[in-house]
There are 2 protein chains.
Amino acid sequence: MLRISKLTDYGTVVLASLVDRKDEVSSAAEIAARTGVAPPTVSKLLKLLAKAKLVSSTRGANGGYRLTRAPEDISAADIVDALEGPVSITECSASDSHCAYEENCDTGDAWQRINRAIRSALEDVSLRDLAKGTCTAPKMHFGGTPITIERTN
Amino acid sequence: MLRISKLTDYGTVVLASLVDRKDEVSSAAEIAARTGVAPPTVSKLLKLLAKAKLVSSTRGANGGYRLTRAPEDISAADIVDALEGPVSITECSASDSHCAYEENCDTGDAWQRINRAIRSALEDVSLRDLAKGTCTAPKMHFGGTPITIERTN
DNA sequence: CCCAAATAGGACTAAACTAGTCCTAAATAG
DNA sequence: CTATTTAGGACTAGTTTAGTCCTATTTGGG
């Protein structure tokens, strides 16, 4: 029940690989090599993460990405929001959807309580916590062969 | 982020429609008429819910479904489990998957903390709570036209 | 005893979403 | 000026989800 997408999963791996490199930039290719995630996918992820301001980018030769904030200040909620959008547990509790029965709806309430609880759980875990190890991707295989994830600590 | 499936959403609507009918059985067709959810879908849902023992079924003429327990004793977690399976937030924290790096993995920890928090949020909300109103489905449309959900209370 | 009303179970189709790739443009260091 | 690297978006393939339908089984009632 209730899965985050693989992309988000990879996203944490990518971000985790930047945790101990606050002062240097890493190119998408380097990150791909380090994490074992396919280069085009890393690239896509970094673009999304840059748009969400979780990483900053430097263009041109010797360019690359770095975290914009300390790993302690990036929460799992930030990552999920960046990569999956702020969609909510039910259509009906998503901010931009409105159901025709809204006026006399009491249910939303219960779902929204659940929703808030989930959010706060996600907000309580920082990238630092997630980066303690980096097994998030593992069960994954690329082209049939299991990938190798390098630990960065 | 983190959506439950529409089927689960409809599932709560279906279950909610049984809340105040503890002593009679309702046929799938009746429930479909009451909730506005398409009959085959209702049927499918009820089979799954019956398999999970959230409803009991009576076959044959005048048969139908009823809740097996009081609405207070059915949690949102039960419903999600019944309709989506006990899948977890990451592949890696799902009970039956094992990643190659498990032995030296500390990350799972953080995700699993999130996972537990989500579960407990789901366990804290009962069908009774969810049934206070029944707008869960609404934003949905069938064949392009918005459906009408009858309130049962 | 037979028929109609129901559920059980599973096969199947279509639509939506996700993952992943690739191409072109713009920026920048040397 | 050229090689490197990000930005942005188009596109494809694969998977998953939603939804439908068919056949078998059970059971109440005429």
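**Exercise 1.** In this predicted model, find which helices and strands of chains A and B each supply at least two residues of the surface near DNA strand D.

*Solution.* Begin with chain A, where the elements to mark are β1 (55-58) and β2 (64-67). Then turn to chain B, where α1 (6-16) and α3 (39-51) each supply at least two residues of that surface as well. As a next step, pick out the residues that come nearest to DNA strand D among the 25 around it, which are K47(A), S57(A), Y65(A), K6(B) and K44(B). On the DNA side, sugar and phosphate make up 66% of the atoms of DNA strand D that come within 4 Å of the protein. Finally, sort the residues of the surface by kind, which gives eight nonpolar, eleven polar and six charged.

**Exercise 2.** Describe how β1(A) and β2(A) are arranged with respect to each other.

*Solution.* First establish the direction of pairing, which is antiparallel and runs over four bridges. Next, locate one pair of facing residues: V55(A) stands opposite L67(A), which belongs to β2(A). Then follow the chain from β1(A) to β2(A), and you will find a hairpin with five residues between the strands, where G60(A) in the turn has a positive phi of about 85°.

**Exercise 3.** Determine which atoms of K6(B), S5(B) and N62(B) lie close to oxygens of DNA strand D.

*Solution.* For K6(B), a backbone N or O atom lies 2.6 Å from a phosphate oxygen of the strand. For S5(B), an N or O atom of the side chain is 3.5 Å from a phosphate oxygen. For N62(B), a polar side-chain atom lies 3.5 Å from a sugar or linking oxygen.

How values were computed
Residues numbered from 1 in each chain as written. Chains lettered and ligands numbered in written order. Predicted model: local features only at pLDDT ≥ 70, side-chain atom pairs only at ≥ 80, totals over all residues. Heavy atoms only, no water. Near = heavy atom within 4 Å. Polar contact = N/O pair within 3.5 Å; in protein donor to acceptor, adjacent residues only side chain to side chain. Nonpolar A, V, L, I, M, F, W, Y, C, P; charged D, E, K, R; others polar. Pairing = 2+ DSSP bridges.
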